[in-house]
Amino acid sequence: MLAGVATHAGPFERTAALRQAASVAGELVAALAALAPAVAGEDIPAESTSQSYFRVREVELSDQQAALHGALVVQRGLEDLCDAPLAGADLALEVAAMRQSVLDLTGAAPGTEPGPMPEPAVPEPGARAPLESVWSARWLIGHQVHVLFNVCAAVAVADAARHLRDDDTDAALLRLAEATVYVRGFPAAMNHAGTIPADYYLAAIRRTMAPPSTDIPLSGRQHRGYKLFRAAMKDLLTVLPQSYEQLVARNPELAEARGALLEADIVDAERHVTLAYSMVHLRRSIAQRPEGPDNAVAELRLMRHRRAAQYAPLIRFGDHYIADAVAGLRHS
Ligand code: HEM
């Protein structure tokens with residue numbers, strides 16, 4: 001349904017394709033809302049400052065409501081992507097993960113292409129919001145798409161682990177591949193949120209995430225959906241702890257599927273380093289103590305190194321250099 005965004009197209013075709021995808025998502029929202037209306041998120045108390053800031057809530061939903069709220073996030077994300085200067089490769093990854101989330105949440109079968117679509121309405125010149133409010137909204141929209149991918153990935157990884165425990169390898173392979181689509185979407189959504197001028201982030205957005213605007217400084221570590229994902233990954237590796245070579249000997253397909261997921265997770269950490277560098281350079285993050293040893297980039301790099309060291313024996317092209325260094329540090 002949302003697969004038709006051609007990334008080789010010129011800027012006009014790209015925007016037209018995104019407008020069309022957004023309007024399809026709007027139709028899906030309308031169809032789902034006709035079954036039962038959306039839950040009013042503002043009426044649900046936030047469980048953390050981070051939830052309140054990013055306008056995210058965690059609550060039990062019916063399948064229909066979960067599909068509706070997922071589709072709303074996708075629709076807003078696609079509308080914003082019409083104007084966001086996201087790199088083509090990231091656009092393809094983000095749209096692929098959006099498509100996967102719609103399939104997962106609606107239970108639809110893949111491969112059903114929509115029929116011919118009417119040309120979407122082109123917004124009237126002058127009807128556009130000021131750029132500053134577009135950028136502020138984008139910061140939240142990109143984060144919400146990221147949360148959607150985190151939660152969908154957590155469910156896919158948890159399903160894969162359960163299938164492996166039940167010895168259903170085919171079902172596990174399918175969910176691992178779907179989880180990989182989401183994890184490849186993480187840095188794409190992160191960069192989508194980051195397609196705002198760094199000057200604007202530093203001058204206007206950054207201070208809204210720290211006291212006195214909020215009671216505590218916000219950090220990505222506080223995202224509950226992401227924590228769910230990390231817990232699911234940890235559990236997966238308790239079911240599948242074998243080295244890459246051992247797993248290849250047992251089931252090469254499973255070794256490759258696990259490898260693809262873990263590589264995507266390492267690359268997500270790598271890209272976080274470069275995104276933070278583009279936005280805050282060598283500053284300490286708002287969530288770090290001013291006297292601490294690290295800045296945001298150094299802390300994110302450490303996260304990358306720990307993850308790469310942990311995964312080195314589990315993937316084909318493991319970073320053994322860093323794994324040895326990390327092991328050496330642990331023994332010193
Ligand atoms: C849309 C998603 C995300 C975006 C756009 C993003 C962007 C950023 C930016 C711009 C910084 C520098 C902060 C500053 O000082 O102004 C940063 C720091 C950081 N981010 Fe993220 N991030 C995202 C998600 C996450 C998630 C899910 C985690 C989970 C671990 C995370 C962990 C961190 C950490 C550890 C730092 C450095 C120290 C800190 O602020 O706690 N981020 N991120």
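Me: Where is Pro212 found?
Reply: The model shown here is a predicted one, and in it helix H7 covers 198-205 while helix H8 covers 224-239. Pro212 belongs to neither helix, since its place is in the loop between H7 and H8.

Me: Is the peptide bond from Pro211 to Pro212 cis or trans?
Reply: The bond that leads from Pro211 into Pro212, a residue of the loop between H7 and H8, has an omega near 5°. With that omega, the peptide bond from Pro211 to Pro212 is cis.

Me: Which loop holds Asp167, and is Asp167 buried or exposed?
Reply: Asp167 has its place in the loop between H5 and H6, and its phi is positive at about 65° although the residue is not a glycine. Within 10 Å of Asp167 there are 8 other C-beta atoms, and a residue with 12 or fewer counts as exposed. Asp167, in the loop between H5 and H6, is therefore exposed.

Me: Is His281 buried or exposed?
Reply: His281 lies in the loop between H10 and H11, and its phi, near 50°, is a positive value in a residue other than glycine. It has 12 C-beta neighbours inside 10 Å, and the exposed class takes in residues with 12 or fewer. His281 is therefore exposed.

Me: Is Ala172 buried or exposed?
Reply: Ala172 sits in helix H6, which runs over residues 169-193. Inside 10 Å it has 25 C-beta neighbours, and 20 or more are needed for a residue to be called buried. Ala172 is therefore buried.

Me: Which residues does Ala172 touch, not counting residues up to four places away in sequence?
Reply: One partner can be approached through the backbone, as the C-alpha atoms of Ala172 and Ala160, twelve residues apart along the chain, are separated by 4.2 Å. When residues up to four places away in sequence are left out, the residues that Ala172 touches are Ala160, His163 and Leu164.

Me: How many ångströms in space separate Glu79 and Ala67, C-alpha to C-alpha?
Reply: Glu79 is found in helix H3, where it counts as partly exposed because it has 19 C-beta neighbours inside 10 Å. Glu79 and Ala67 are twelve residues apart in sequence, and from C-alpha to C-alpha their separation in space is 18 Å.

Me: At what angle do helix H3 and helix H5 pack?
Reply: Helix H3 spans residues 63-81 and helix H5 spans residues 131-165, and their axes lie 9 Å apart. Where they meet, Gly70, Val73, Arg76, Gly77 and Asp80 in H3 face Arg138, Ile141, Gln144, Val145 and Leu148 in H5, a contact that has four nonpolar, three polar and three charged residues. H3 passes H5 in a left-handed crossing. The angle at which H3 and H5 pack is about 135°.

Me: Are H6 and H10 roughly parallel or roughly antiparallel to each other?
Reply: H6 and helix H10, which covers residues 252-280, have axes 9 Å apart and pack at an angle of about 10°. By class, their contact has 15 nonpolar, four polar and six charged residues. Angles under 35 degrees fall in one class, and H6 and H10 are therefore roughly parallel.

Me: Which residues in H12 meet H11?
Reply: H11 and helix H12, residues 320-331, pack at an angle of about 105° with their axes 8 Å apart, which means that H11 is roughly perpendicular to H12. The residues of this contact divide into five nonpolar, one polar and one charged. On the H11 side are His305, Arg306, Ala308 and Ala309, and the H12 residues that they meet are Ile322, Ala323 and Val326.

Me: Which helix gives the most to the shell around the ligand?
Reply: There are 26 residues around the ligand, of which His146, Ser219, Gly220, Ser285 and Ala287 come nearest, and by class the shell has twelve nonpolar, ten polar and four charged residues. H5, H6, H10 and H11 each supply at least two residues of this shell. The helix that gives the most, with five residues, is H10.

Notes:
Residues numbered from 1 in each chain as written. Predicted model: local features only at pLDDT ≥ 70, side-chain atom pairs only at ≥ 80, totals over all residues. Axes fitted to C-alpha atoms, helices over the stretch in contact; angles between N-to-C directions. Helix = DSSP H or I, 4+ residues; strand = E, 2+ residues; numbered from the N terminus. Left-handed = near helix turned anticlockwise from the far one by under 90°. Contact = placed C-beta atoms within 7 Å. Nonpolar A, V, L, I, M, F, W, Y, C, P; charged D, E, K, R; others polar. Parallel < 35°, antiparallel > 145°, perpendicular 65-115°, else oblique. Near = placed C-beta within 6 Å.
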